[in-house]
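Me: I would like to learn how to read a structure feature by feature. Where should we begin?

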Amino acid sequence: LTELANCKAAFESFKTHSSDAERSLAETHAAEMSTWRAKSDAEIDVLKKHLQDAESDAEKSRDELRALVSSSSERDELLAETLLRLEASELELDRATRALRRRGA
């Protein structure tokens, strides 16, 4: 009977120690998970900031490209007008040169 009481006491002690060990392990795991979550959240925040910066840079680049295309179109139009004027001037010069030659000058 004494041995049974001793076994019962040992079993209760084992359950208490086992439960304490499980609780300690669970608390350690929860603390590790909390630390991991905090680090992950910080990394996510940094990545979100980088994404926002990249999107902003991309928008600026698109705006610069649009401005460049627009100025390029304006430059092309100006060049076309200049070439037309040059061609008209050359035609006028040719006419004038022919007229002078006809008059013997």
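Reply: Begin with one contact in this predicted model. Arg 37 forms a salt bridge with Asp 41, and their closest N and O atoms are 3.1 Å apart.

Me: Where do Arg 37 and Asp 41 sit relative to each other in helix H1?

Reply: They are four residues apart in helix H1, so about one helical turn separates them.

Me: Are Arg 37 and Asp 41 buried, partly exposed or exposed?

Reply: The general idea is to compare relative accessible area with two cut-offs: under 20% is buried, over 50% is exposed, and partly exposed lies in between. Arg 37 has 51%, so this residue is exposed. Asp 41 has 32% and is therefore partly exposed.

Me: How many salt bridges are there by this rule?

Reply: The count comes to seven. One of them pairs Arg 23 with Asp 20, with 3.0 Å between the closest N and O atoms. Both residues belong to helix H1 and are three residues apart, about one turn of the helix. Arg 23, at 44% relative accessibility, counts as partly exposed, and Asp 20, at 37%, counts as partly exposed too.

Me: What does the salt bridge of Arg 62 look like?

Reply: Arg 62 is bridged to Glu 59, the closest N and O atoms being 2.7 Å apart. These two also lie in helix H1, three residues apart, about one turn of the helix. Relative accessibility is 40% for Arg 62, which counts as partly exposed. Glu 59 is partly exposed as well, with a relative accessible area of 33%.

Me: Which residues are joined into one network by salt bridges that share partners?

Reply: A salt bridge can be read as a link, and links with a shared partner form a network. Here the network consists of Glu 59, Arg 62, Asp 63 and Arg 66.

Me: Which residues form the negative surface patch?

Reply: For a patch, look at residues with over 30% relative accessible area and no salt bridge. Glu 74, Asp 76, Glu 77 and Glu 81 form a negative patch on the surface. Of these, Glu 77 can be placed in helix H1, which covers residues 2-102.

Me: Which residues form a nonpolar patch on the surface?

Reply: Leu 65, Leu 68 and Val 69 do, with about 280 Å² of accessible area together. Leu 68 is found in helix H1.

Me: How many positive and negative side chains does the protein chain have?

Reply: There are 17 positive and 23 negative side chains, and the centres of the two sets lie 10 Å apart.

Me: How many helices and strands make up the secondary structure of the chain?

Reply: The chain has one helix and zero strands. To judge overall form, set the radius of gyration against the value from the globule rule. The radius is 44 Å, well over the 13 Å that the rule gives for 105 residues, so the chain is more spread out than a compact globule. Along its principal axes, the C-alpha trace spans about 150 × 15 × 10 Å.

Me: What percentage of the residues count as buried, and what is the accessible surface of the chain?

Reply: Of the 105 residues, 2% count as buried. The accessible surface comes to about 9,600 Å², and 60% of that belongs to carbon and sulfur atoms.

Methods:
Residues are numbered from 1 along each chain as its sequence is written. This is a predicted model: local features need pLDDT of at least 70, side-chain atom pairs count only at pLDDT 80 or more; totals for chains, interfaces and linings use all residues. Side-chain values use heavy atoms; hydrogens and water are left out. Patches are made of residues with over 30% relative accessible area and no salt bridge: like charges are joined within 9 Å, nonpolar side chains (Val, Leu, Ile, Met, Phe, Trp, Tyr) within 5 Å. Accessible areas come from the Shrake-Rupley method with a 1.4 Å probe; for residues, only the protein chains shown count as cover. A salt bridge is a side-chain nitrogen of Lys or Arg within 4 Å of a carboxyl oxygen of Asp or Glu. Lys and Arg count as positive and Asp and Glu as negative; His and the chain ends are not counted. The place of a charge is taken as NZ of Lys, CZ of Arg, CG of Asp or CD of Glu. Buried means under 20% relative accessible area, exposed over 50%, partly exposed in between (1.4 Å probe, protein chains only). The radius of gyration is taken over C-alpha atoms; the globule rule is 2.2 Å times the number of residues to the power 0.38.
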